[in-house]
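Grab a pencil and open the viewer. Here is a small set of exercises, each followed by a worked solution.

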Amino acid sequence: MADCLFCKIAEGSIPSNKLYEDERCLAFYDIDPQAPVHFLVIPKAHIDGADVLTEENADIVAHIFTVIAKLAKELSLEKGYRVVTNVGEDGGQSVRHLHFHVLAKRSLAWPPG
Ligand code: 5GP
Ligand code: ZN
């Protein structure tokens, strides 16, 4: 998508602090971290958000969660972490390209508020 920030990060035309990349997804550190470890994992192919997942396009979500598990081991997040995907206006989604936040290395409140 021409005007999508995360598509531009995925194709490399906007730089990011990359943590992991494969043919289908990219993990990079959030520009405005909300925890000592805060990175995002995105599909390279544009999907608006979790609200438009279907049987046809949802395989990437399982793949992303396996990548998160691998990265969590590499980053020594054995105390735990939180995976969040914000959806739409009330959900606080500011970038309309599916992404999973991974937050760690501090105690995270529940409910999130
Ligand atoms: P959302 O609010 O849509 O759930 O999350 C979007 C996230 O993208 C925010 O946490 C925000 O800090 C991050 N973000 C926005 N623009 C950039 C950018 O240009 N680079 C990086 N690395 N993160 C960004
Ligand atoms: Zn996009």
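**Exercise 1.** Find the polar contact that the side chain of His63 makes, and decide whether His63 is buried or exposed.

*Solution.* Start with the contact: the side chain of His63 pairs up with the side chain of Asp22 at 2.7 Å. Keep in mind that you're looking at a predicted model.

Next, place the residue. His63 sits in helix α2, which covers residues 59-74.

Now look at who else is around. Leaving out residues up to four places away in sequence, His63 touches Asp22, Arg24 and Cys25. So Asp22 turns up twice, as a polar contact partner and in this list of touching residues.

Last step: accessibility. His63 has a relative accessibility of 15%, and buried means under 20%, so His63 counts as buried.

**Exercise 2.** Describe the largest pocket: its volume, its lining and the elements that build it.

*Solution.* First, the volume, which is about 530 Å³. Then the lining: there are 25 residues, and Asp30, Gln34, His38, His101 and Leu103 are the closest to the centre of the pocket.

Which elements give two or more residues to that lining? They are the helix α1 (5-11) and the strands β2 (25-29), β3 (37-43), β4 (81-84) and β5 (100-104). The top contributor is α1, with 3 residues.

Finally, sort the lining by class. You should get 15 nonpolar, 6 polar and 4 charged residues.

**Exercise 3.** Do the same for the second largest pocket, using its volume and its lining.

*Solution.* The space here comes to about 180 Å³. Walk along the chain to collect the lining: one part is Ser76, Leu77, Glu78, Lys79, Gly80, Tyr81 and Arg82, and the other is Lys105, Arg106, Ser107 and Leu108.

Sorted by class, that lining has 5 charged, 3 polar and 3 nonpolar residues. Hang on to Ser76 and Lys105 from this lining, as you'll meet them again in Exercise 5.

**Exercise 4.** Work out which residues come nearest to ligand 1, and which polar atoms lie by its oxygen atoms.

*Solution.* Begin with the neighbours. There are 16 residues around ligand 1, and the nearest are Asp30, Asn86, Ser94, His99 and His101.

Then check the backbone. A polar backbone atom of Ser94 is 2.7 Å from an oxygen atom of ligand 1, and for a polar backbone atom of Gly92 the distance to an oxygen atom of the ligand is 3.1 Å.

Now the side chains: His101 has a polar side-chain atom 2.8 Å from an oxygen atom of ligand 1. Two residues link this exercise to Exercise 2: Asp30 and His101 are among the residues nearest the ligand, and they are also among those closest to the centre of the largest pocket.

**Exercise 5.** Hunt for backbone oddities: where is the cis peptide bond, and what is the phi of Ser76 and of Lys105?

*Solution.* Take the peptide bond first. The one from Trp110 to Pro111 is cis, its omega being near 0 degrees. Pro111 belongs to the segment after β5.

Next comes Ser76, in the loop between α2 and β4. Ser76 isn't a glycine, yet its phi is positive, at about 60 degrees. With a relative accessible area of 35%, Ser76 is partly exposed.

Then Lys105, in the segment after β5. Its phi is positive too, at about 75 degrees, and again the residue isn't a glycine. The relative accessible area of Lys105 is 47%, so this residue is partly exposed.

Notes: Residues are numbered from 1 along each chain as its sequence is written. Chains are lettered from A and ligands numbered from 1 in the order in which they are written. This is a predicted model: local features need pLDDT of at least 70, side-chain atom pairs count only at pLDDT 80 or more; totals for chains, interfaces and linings use all residues. Side-chain values use heavy atoms; hydrogens and water are left out. On a 1 Å grid over the protein atoms alone, a cavity is a set of points where a 1.4 Å probe fits but cannot get out, and a pocket is an open set with protein on both sides within 12 Å along at least five of seven lines; lining residues have an atom within 4 Å of a point. Grid points are joined across faces, edges and corners, and a volume is the space filled by probe spheres set on the points. Helices (H or I, at least four residues) and strands (E, at least two) are DSSP runs, numbered from the N terminus. Ala, Val, Leu, Ile, Met, Phe, Trp, Tyr, Cys and Pro count as nonpolar, Asp, Glu, Lys and Arg as charged, and the others, Gly among them, as polar. Buried means under 20% relative accessible area, exposed over 50%, partly exposed in between (1.4 Å probe, protein chains only). A polar contact is a pair of N or O atoms within 3.5 Å; within protein, one must be able to donate a hydrogen and the other to accept it, and residues adjacent in sequence count only if both atoms are side-chain atoms. Contact means heavy atoms within 4.5 Å. A residue is near a molecule or strand if one of its heavy atoms lies within 4 Å of it.
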